[in-house]
Amino acid sequence: MLNALAAADPITPDWLTRALHAAGALPAGEVIACDVAVNAAFNSAASHLLLTYSEDAPADAPRRLFLKRNIDTAWAIEAGRDEVRFYQIVAGLDPRPPAVIPCYLAAFDAERGASSLLLTDVSATHSAPRTRDDLLRGEPIPDQRSLDLAIDALASFHAYWWQRPELGATFALAPWYSDAAAFAAHVERRRGEWARFLAAEGAWFPADLRAVYEETLARLPSLWDAGLGAHMTTGRGLTLGHGDCYSTQFLVPRPGVAAPTYLVDFQGVAADTPAFDLIHMFASFWTREQRQTGDLETRCLRRYYAGLVAGGVADYSREQLLADYANELAIMLFYPVWDETNGSPQSYWLPKMRSLVAAWQDHRRS
């Protein structure tokens with residue numbers, strides 16, 4: 001197997017030739033030059049590549065590629081390993097799942113802690129609906145066209161993976177609630193994080209938010225019997241969750257371009273309910289006013305559910321989706337608490353927290 005490149009390794013024509021030859025994308029000829037443009041991603045070493053081939057290379061050999069390598073930190077090494085594994089599994093599936101960018105190489109070197117993904121570069125035809133800076137500025141909602149395309153792509157992705165045999169086997173169940181013991185441990189972890197959060201922020205933290213968190217923390221154990229446990233123990237109503245499904249994780253075709261919409265950064269995939277991804281999209285940074293203006297959140301959930309049904313899902317009602325959405329909101333309420341205890345700035349975790357609290361209040365069930 002071709003070796004993975006570490007972030008500090010040079011990107012050579014020889015390495016690219018061997019990678020494309022192994023992928024069947026370069027049956028003849030070789031790469032003779034490569035122009036490299038560094039991508040601004042903060043959480044990976046990413047590069048846009050423009051390849052030049054020898055004269056005997058086929059005309060349809062890929063000219064623009066995207067190389068993603070992990071940075072040299074423990075979490076990034078683990079994330080890179082997991083994302084490589086996702087693309088390796090996908091490569092063996094027929095038909096391939098929708099919304100996944102074509103991949104020529106997925107390699108991980110455990111000894112060096114190096115991962116490499118060589119993907120089609122779609123930056124000339126696609127763009128992210130929103131950036132991380134947009135989220136923090138309070139502008140999380142894409143334009144309607146981009147939002148609809150992202151919803152449709154996620155629905156088709158979830159429908160493809162719906163209750164497939166790989167869930168819980170090839171792909172693990174979501175670790176926070178894979179079984180009753182894991183969920184009980186998860187609740188205890190959240191209690192500890194909440195205590196640390198209050199020790200750091202309690203002097204100024206608003207009383208109304210504190211009351212919501214303390215009430216929700218007390219009722220968190222009941223979620224297992226309120227539907228979460230049935231999903232995890234039976235596998236019913238599960239799909240492959242992206243795990244970090246903000247609007248920043250989509251690449252939608254630019255206006256006038258006829259092409260699929262893609263998801264990126266498959267570092268945290270797990271068997272989960274679809275609601276987990278939907279909350280990332282529609283609640284984690286959307287304010288109550290933004291969600292409710294024009295009944296936007298409801299319309300988004302309806303569009304997603306229609307896409308799920310169109311993709312062949314027939315054993316999951318819209319009522320079940322909304323119940324899962326409410327339950328997962330209670331769980332995700334504690335993500336901003338973890339963000340704070342993990343060192344994220346207040347400018348990130350506080351608007352996220354306020355948005356999730358408002359969504360939880362709007363959707364919670366007695």
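How many residues lie between β4 and β5 in their hairpin? In this predicted model, four residues separate the two strands, and G113 in the turn has a positive phi of about 65°. The strands on either side of this turn are β4, residues 103–109, and β5, residues 114–120; they run antiparallel and are joined by six bridges. Within this pairing, F108 has S115 of β5 as its bridge partner.

The hairpin belongs to a wider arrangement. Five strands form an open sheet in the order β1-β2-β3-β5-β4, and the pairing is antiparallel. At its edges stand β1, residues 31–38, and β4, each of which pairs on one side only. From one strand to the next, the twist averages 20°. Strand β5 also pairs with β3, residues 64–69; five bridges join these two strands, which run antiparallel. In this pairing, R69 stands opposite S116 in β5.

Two helices accompany the five-stranded sheet. Helix α1, residues 13–22, lies across β1, β2 (45–53), β3, β4 and β5, and runs at about 105° to β1. Helix α2, residues 74–91, also packs on the sheet, where it touches β3, β4 and β5; the direction of α2 makes about 135° with that of β4.

A second sheet is found further along the chain. Three strands form this open sheet, in the order β6-β8-β9, with antiparallel pairing. Because β6 and β9 stand at the edges with a single partner strand each, one side of each is left without a neighbour in the sheet. Strand β6, residues 126–127, is joined to β8, residues 250–253, by two bridges, and H126 stands opposite P253 in β8. On the β9 side, two bridges join β8 to β9, residues 262–263. Here L251 has Y262 as its bridge partner in β9, while F250 stands opposite L263.

Helix α4 links the description of this sheet to that of the helices. It lies across β8 and β9, running at about 120° to β8. Helix α4, residues 144–161, also packs with helix α8, residues 275–282, at an angle of about 170°, with the two axes 11 Å apart. An angle over 145 degrees counts as roughly antiparallel, and α4 and α8 are therefore roughly antiparallel to each other. On the α4 side, the contact is made by L147, A150, I151, L154 and H158; on the α8 side, D277, L278, M281 and F282 take part. By character, the residues of this contact divide into seven nonpolar, one polar and one charged.

How much of α8 is buried? Eight of its eight residues are buried, and the helix is thus described as mostly covered. The buried residues are A275, F276, D277, L278, I279, H280, M281 and F282; D277 of this set takes part in the contact with α4.

In soluble globular proteins, nonpolar side chains tend to be buried together. The largest nonpolar core in this model has 94 residues, and those with the most contacts inside it are F86, W161, Y177, F282, Y325 and M353. Helix α4 supplies the largest share of this core, 10 residues. Apart from this core lies another, of 24 residues, among them L16, A19, L65 and L67.

Y325 offers a detailed view of the surroundings of one core residue. Leaving aside neighbours within four places in sequence, Y325 is in contact with A275, L278, I279, F282, A283, E297, L301 and H363. Of these contacts, A275, L278, I279 and F282 are among the buried residues of α8.

A last residue to consider is W360, which is located in helix α13, residues 346–363. Is W360 buried or exposed? Its relative accessible area is 3%, and W360 is therefore buried, the cut-off for a buried residue being under 20%. Not counting residues up to four places away in sequence, W360 touches V212, T216, R219, A326, L329, A330 and L333. One of these, A330, is 30 residues from W360 along the chain, and the C-alpha atoms of the two are separated by 6.5 Å.

Technical notes: Residues numbered from 1 in each chain as written. Predicted model: local features only at pLDDT ≥ 70, side-chain atom pairs only at ≥ 80, totals over all residues. Heavy atoms only, no water. Axes fitted to C-alpha atoms, helices over the stretch in contact; angles between N-to-C directions. Parallel < 35°, antiparallel > 145°, perpendicular 65-115°, else oblique. Contact = heavy atoms within 4.5 Å. Nonpolar A, V, L, I, M, F, W, Y, C, P; charged D, E, K, R; others polar. Pairing = 2+ DSSP bridges. Core = buried A, V, L, I, M, F, W, Y, C linked by side-chain atoms within 4.5 Å. Buried < 20%, exposed > 50% of the residue type's maximum accessible area, 1.4 Å probe, protein only.
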